[in-house]
Amino acid sequence: MGQPANQLVEASADASLVVVGRRIRRSAIGTHLGPVVHAVLHHATAPVAVVPHA
């Protein structure tokens, strides 16, 4: 229970790698990262892999 970003950041303390997904957006402007991915990238203690949805 709780916020997804907080749960992933807490789990990263014991992880070797955190893998998060992101949606594919058709717009050419912007980074295309949602708030959960953004928070995990900035606060996780383990390396983070961002994988686009196929």
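Colleague: Is I24 to be read as buried, partly exposed or exposed?

Modeller: Two cut-offs settle such a reading: a residue is buried under 20% relative accessible area and exposed over 50%, with partly exposed in between. In this predicted model, I24 has a relative accessibility of 44%, so I24 counts as partly exposed. The residue belongs to the loop between β1 and α2.

Colleague: How far is I24 from V51, along the sequence and in space?

Modeller: The two separations should be read side by side. Along the sequence, 27 residues separate I24 from V51, while their C-alpha atoms are 9.7 Å apart. V51 is a residue of strand β2. With 40% relative accessibility, V51 is classed as partly exposed.

Colleague: Which residues make a nonpolar surface patch with V51?

Modeller: The partners of V51 are L17 and V19, and the patch covers about 260 Å². For the chain as a whole, the accessible surface is about 4,200 Å², and carbon and sulfur atoms account for 58% of that area.

Colleague: Before going further into single residues, in what pattern do the helices and strands follow one another along the sequence?

Modeller: The order is α-β-α-β, given by 2 helices and 2 strands. Of the 54 residues in the chain, 19% are buried. Contacts may also be sorted by sequence separation: of those between residues at least 6 apart, 70% link residues at least 24 apart.

Colleague: What pLDDT does the chain average?

Modeller: The general caution is that predicted coordinates should not be read in detail where pLDDT is low. Here the chain has an average pLDDT of 88, and 89% of its residues reach at least 70. Among the elements, the highest mean, 95, belongs to α1 and the lowest, 92, to β1.

Colleague: Let us turn to the second helix. Which residues of α2 are buried?

Modeller: In α2, which spans residues 35-43, the buried residues are V37, A39 and V40. They lie on the same side of the helix, because the arc they cover around the axis is only 165 degrees. The general idea is that an α-helix has 3.6 residues a turn, so residues three or four places apart point the same way.

Colleague: Against which elements do the buried residues of α2 pack, and which exposed residues does the face turned away carry?

Modeller: The buried residues of α2 pack against α1, β1 and β2, the last of these covering residues 48-52. On the face turned away from that buried side are the exposed residues P35 and H42.

Colleague: Seen from helix α1, with which residues is A5 in contact, apart from its neighbours within four places in sequence?

Modeller: A5, a residue of helix α1, contacts V36, A39 and V40 once those neighbours are set aside. Its relative accessibility is 13%, and A5 is therefore counted as buried. A5 and A44 are 39 residues apart in sequence, with a C-alpha to C-alpha distance of 9.4 Å.

Colleague: Is L8 buried, partly exposed or exposed?

Modeller: The relative accessible area of L8 is 30%, so L8 is partly exposed. L8 is also placed in helix α1. Apart from neighbours within four places in sequence, the contacts of L8 are V20, V36 and V40. From L8 to H43 there are 35 residues in sequence and 9.4 Å between C-alpha atoms.

Colleague: The loop between α1 and β1 remains. Is S12 buried or exposed?

Modeller: A loop position does not by itself settle the matter, and the accessibility has to be consulted. S12 lies in the loop that joins α1 (4-11) to β1 (18-22), and its relative accessibility is 1%, so S12 counts as buried. Beyond residues up to four places away in sequence, S12 touches V18, A44, T45 and A46.

Colleague: And is S16 buried or exposed?

Modeller: S16 lies in the loop between α1 and β1 as well, yet its relative accessibility of 68% means that S16 counts as exposed. Outside its neighbours within four places in sequence, S16 contacts A46 and P47. S16 and V48 are 32 residues apart along the chain, and their C-alpha atoms are 9.1 Å apart. A46 thus appears in the contacts of both S12 and S16.

Technical notes. Residues are numbered from 1 along each chain as its sequence is written. This is a predicted model: local features need pLDDT of at least 70, side-chain atom pairs count only at pLDDT 80 or more; totals for chains, interfaces and linings use all residues. Side-chain values use heavy atoms; hydrogens and water are left out. Helices (H or I, at least four residues) and strands (E, at least two) are DSSP runs, numbered from the N terminus. Buried means under 20% relative accessible area, exposed over 50%, partly exposed in between (1.4 Å probe, protein chains only). Contact means heavy atoms within 4.5 Å. Accessible areas come from the Shrake-Rupley method with a 1.4 Å probe; for residues, only the protein chains shown count as cover. pLDDT is the predictor's confidence in each residue, from 0 to 100. The arc is that of the directions from the helix axis to the C-beta atoms. Patches are made of residues with over 30% relative accessible area and no salt bridge: like charges are joined within 9 Å, nonpolar side chains (Val, Leu, Ile, Met, Phe, Trp, Tyr) within 5 Å. A salt bridge is a side-chain nitrogen of Lys or Arg within 4 Å of a carboxyl oxygen of Asp or Glu.
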